[in-house]
Amino acid sequence: AERVAGGRYITIDIDRVNAARLGLNISDIQDIVRTAVGGMNVTETVEGLERYPVNIRYPRKIRDSLDQLRLLPIITPAGARIPLGDVASIKVADGPPMIKSENARINGWIYVDTKDRDLGSYVNEARAEVAKSVDLPKGYSINWSGQYEYMVRAKERLLFVLPITLTIIFLLLYLNFRKVADVVLIMGFLPFALGGGAWFLYFLEYNLSVAVGVGFIALAGIAVEDGVVMLEFLNKSIESLKSSGKSITGVVLPEIIIEAASQRVRPIMMTSCSTIAGLLPVMFITETGSEVMHRVAAPMIGGLISSTVLSLFVIPVVFYIWKRIELSRN
C-alpha cells in the first residue's frame, strides 16, 4: 500500500481576531509567509536566448526553524513591527508525503500481485471479503483498477465476438454443405475439440485469461476445418456410389465409410501436425510477451490433438449411425 502518512508539514494557522485588531488582512500575512518560506520570483535574468527567474526567500536555517519563523517580522498598516507568532500559531503536523487525486477526489493506492490463480476470481473473492469486513466512512469509496479493468473490458468484447464467430462458422458450413444436418454434426463436435484445449491448459496450470479466449476462438476455426475435410469426403463417397447406380445397404455402408475415412487420414494428419509444429516454437520462447503468446497457443495445440482424434475416429462412426438410421427409414 502507498504511504498515506509520513510527510511533515509546517502548519501556520492565522489568528483572525488578532490580525484584525492590528489591521492586517489574511492575504497580507499569507503573502509574507509565501514569500519567506516558499519564495517569490522578483525578476528575470537574460543570458542570450535563455531566461532564468530570480527567486528570493529566507535562508534554509531560518525556514527549518519554528522559532525563527515565529520571529518573522510583519509591518502593520500603522508602521509597527510585530513577529508572525503574534498573529498565527506555527507548528509541525503529520500528513501524506504526496497528495494524489483522480476524478477530483483524493485517493490512495493499494497494489496487489496475484500468483497461481486467475485475476478475475481473485478480485471477485477480494471484493466480497472487503465488502464484508471493511466499513467505509461517508465520502469514501473503493474501486478495483489496473489489469482487472482491462480484463473486464476484454471479456465484454469476447462475449460479443464469440457468438458472432460461431454464427459465421455456422453460415460458412451451411453454404458449403447445404444441409443443416451436416452442419449440426460438425458443430456438435466443436465443444469436444475445445475440451482438449481445456485439458491442456489444466496440464500446464494456466488460468483463464483474455489470451486464452483468443486461442479458443482460433481453435474453433481450425477444429471445424478437420471435420469438414472428413465429412465432405464421406458425403462424396456416398454420392458417387449412388450415381453409379449401386444400392447402399447396411452391409456395404461400413465398407464405404471405412475406405473413405482411411483416405482422409493423411490430409487431416498433415493439416494438424503442420499447425502444431508451427505453434510449438511459440511455447518455448521466453522473450517479452511470451506469456501472452503461450496462452494463445496452448489451447490451440491441445484442441488440435483432440479434434484430430475426433475427426479420424468419431465422425466416421457417427456418420455411419446417421446413415443407418436413414436406410432404416427408407
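## Helices, strands and overall form

In this predicted model, the protein is built from 11 helices and eight strands. Its radius of gyration is 38 Å, well over the 20 Å that the globule rule gives for 330 residues, so the protein is more spread out than a compact globule. Taken along the principal axes, the box filled by the C-alpha atoms is roughly 125 × 55 × 35 Å.

Among contacts in the protein with a separation of 6 or more, 67% join residues that are 24 or more positions apart.

## Surface and charge

Of the 330 residues in the protein, 28% are buried. The accessible surface comes to about 21,900 Å², and carbon and sulfur atoms account for 59% of that surface.

The side chains of the protein include 34 that are positive and 32 that are negative, and the centres of these two sets lie 3 Å apart.

## The largest nonpolar core

In soluble globular proteins, nonpolar side chains tend to be buried together. Here the largest nonpolar core has 43 residues, and the members that touch the most other members are Leu173, Met230 and Leu234. At least two residues of this core come from each of helix 6 (147-177), helix 7 (180-204), helix 8 (210-243), helix 9 (252-262), helix 10 (265-284) and helix 11 (290-329). Helix 8 gives the most to the core, supplying 12 residues.

Which residues does leucine 173 contact, once its neighbours within four places in sequence are left aside? With those neighbours set aside, leucine 173 is in contact with Arg178, Val183, Ile186, Met187, Val224 and Val228.

## A second core and isoleucine 14

Apart from the largest core lies another core, which has 14 residues, among them Ile14, Leu69, Ile74 and Val87. One of these, isoleucine 14, has its place in strand 1, which covers residues 7-14.

Why does isoleucine 14 count as buried? Its relative accessibility is 15%, and because buried means under 20% relative accessible area, isoleucine 14 falls within that class.

Leaving aside neighbours within four places in sequence, the contacts of isoleucine 14 are with Ala19, Ile26, Ile29, Gln30, Val87 and Ala88. Of these partners, Val87 is also named among the residues of the 14-residue core. Isoleucine 14 and alanine 88 are 74 residues apart in sequence, yet their C-alpha atoms are 4.1 Å apart in space.

Terms used
Residues numbered from 1 in each chain as written. Predicted model: local features only at pLDDT ≥ 70, side-chain atom pairs only at ≥ 80, totals over all residues. Heavy atoms only, no water. Helix = DSSP H or I, 4+ residues; strand = E, 2+ residues; numbered from the N terminus. Rg over C-alpha atoms; globule rule 2.2 N^0.38 Å. Buried < 20%, exposed > 50% of the residue type's maximum accessible area, 1.4 Å probe, protein only. Contact = heavy atoms within 4.5 Å. Areas by Shrake-Rupley, 256 points an atom, 1.4 Å probe, with all protein chains shown as cover. Lys, Arg positive; Asp, Glu negative; His and termini not counted. Charge placed at Lys NZ, Arg CZ, Asp CG, Glu CD. Core = buried A, V, L, I, M, F, W, Y, C linked by side-chain atoms within 4.5 Å.
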